[in-house]
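User: I should like a close look at one residue of this protein and its surroundings. Please describe the setting in a connected account.

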Amino acid sequence: MNKLHMIAKGVAPILAALLMTACAAPEFKQPAMDVPTAFKESQQPAPAEVKTAADGSTWKQAQAAEAQPRGEWWLAFNDTALNELINEATRANANLSVAAARVKQARAIAGVAEADRIPQVGIAAGAQRVRESDVALNLPAGTPVPPASVFNANLTASYEVDLFGRVSSNVAAARGDAAAQEATYRSVLLSVQADVAQTYFRLRETDAELETLNRTVQTREENVKVNQRRFDLGDIGEFDLSRAKTELATARAEAIGLQRQRATTEHALAVLLGKPAASYTAGNSPLLDGALLPVIPAGLPSSLLERRPDIAAAQRAMESANARIGVARSAMFPSLLLNANAGGTSANTVADVFKWSSRSWLLGAALSMPLIDGGRNRANITRSEAALEESVGTYRQSVLTAFAEVEDNLAGLRVLAGQTAQIEDAVVSARRSADLAQKLYTAGRSSYLDLLDAQRNLAAVERSAVQLRGDRAVTTVALIRALGGGWDASGAAPTVAQN
């Protein structure tokens, strides 16, 4: 007996440690990521703060914090129409409503999990009309047994003792899911706002292109009139007149095609605003000046891990998957359920149920543990561990994608800035060439083909300049999105409406 006692005494602590280690969720470890010290496309350190917003607020270097309040970054574009569109989309966008509903669901599920932490208390009352058989009552056969009424009222309580962390792990997993959905909501919110801004700038770019094409059409119409007069006078042949009419029809066809593109962009904007396409009409607002676009400092690469809501969502998903390993492990070990029941039972009247003499009570504890489950619980542990591995991979991919998107847009803005400088010089030269060609043709010192070539070149260069302005605006918004949005000291964090 002494030897057995000594063995048991030595094994007990080891067994207890093994049990606790086996069932508890593993300690969460942040996956290692090779974060660069600076973005490759950053040509020089950004200033500590750049005043750009219409309300006088500032863009600041990133301060790592997922929950840091994000401001109204679109104010930096100083565009009243854009401000109204984004506010309208934030209120009415359908995808944003879906994301908000998912947040509410996740919070409710977390509340269900939290409920397991406290005892469950309930009340039960009932009435029965019973007639027992004479045999069941050990009476002689044929003995008449009258029916009886039974009334009862009971207060019940039950509570699961969290021996091996099932409840706490389940709560942690549910909280992680809710936090992930909240981060996803912020990601959808940022995407909707950015989509509205980009679609809006594409619409304005198309308006500016149409304006340029309309000027080209006017020029072509004037050429047709001039060539018609000269043809009537016999100064030129029919070839020049036919060519002028061809160019006019071609320019008109391009303008009509661009109107189709504008209609498609307008319809896309209507969907983002939560409106039927048929009931929304955007006003004409050509994008005339790209110099008013804000300069967005990229900040430090490490700050991207907290600023981007999609990365925050992936982070919370990892933590939730890690907690579910604890839930799966706890299923292999005993569970202890405490229960209590107190009330009254009477076979006479309902009032007798509440008499002291009718009282009854019960206290109990039930310990249960699986013995043979065909490997189900072990398979669940393997599945939960694999789910954690999946979430780690998703997190790493999110981080790599975030870095690539920032680099893409920094490179895009750098290249577009260089292109814009060159195209502006080209516009000046093309306008001068077209003016000289017109004068030479009017004086009869050059052919109509020379004039036409100069005018074509001017039209192409002006359209390229307009397209570059649109690309710069869209890429600026894309950079803001890639950086996780902007904020200032006075901004308030977006929250999900509690309807």
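Analyst: In what follows, two residues are in contact when heavy atoms of theirs lie within 4.5 Å. The model under discussion is a predicted one, and the residue chosen for the close look is Leu367, which is found in strand E6, spanning residues 359–368.

Which residues does Leu367 touch, leaving aside those up to four places away in sequence? The partners are Leu163, Pro334, Ser335 and Leu336. For one of these, Leu336, a backbone distance is also available: its C-alpha atom is separated from that of Leu367 by 4.6 Å, although the two residues are 31 residues apart along the chain.

Is Leu367 buried or exposed? Leu367 counts as exposed because its relative accessibility is 62%, and the cut-off for that class is over 50%.

The wider chain gives the context for this residue. The chain has 499 residues, of which 39% count as buried, and it contains nine helices and six strands. Among contacts in the chain with a separation of 6 or more, 82% are accounted for by residues 24 or more positions apart. The surface exposed by the chain amounts to about 27,700 Å², with carbon and sulfur atoms supplying 57% of it.

One of the helices may be described as well. Helix H5 covers residues 238–272, 35 residues in total, and reaches 52 Å from its first C-alpha to its last, close to the 51 Å expected at 1.5 Å a residue. Gly274 follows H5 and has a positive phi, near 75°.

Note on methods. Residues are numbered from 1 along each chain as its sequence is written. This is a predicted model: local features need pLDDT of at least 70, side-chain atom pairs count only at pLDDT 80 or more; totals for chains, interfaces and linings use all residues. Side-chain values use heavy atoms; hydrogens and water are left out. Helices (H or I, at least four residues) and strands (E, at least two) are DSSP runs, numbered from the N terminus. Buried means under 20% relative accessible area, exposed over 50%, partly exposed in between (1.4 Å probe, protein chains only). Accessible areas come from the Shrake-Rupley method with a 1.4 Å probe; for residues, only the protein chains shown count as cover. The expected span of a helix is 1.5 Å times one less than its number of residues.
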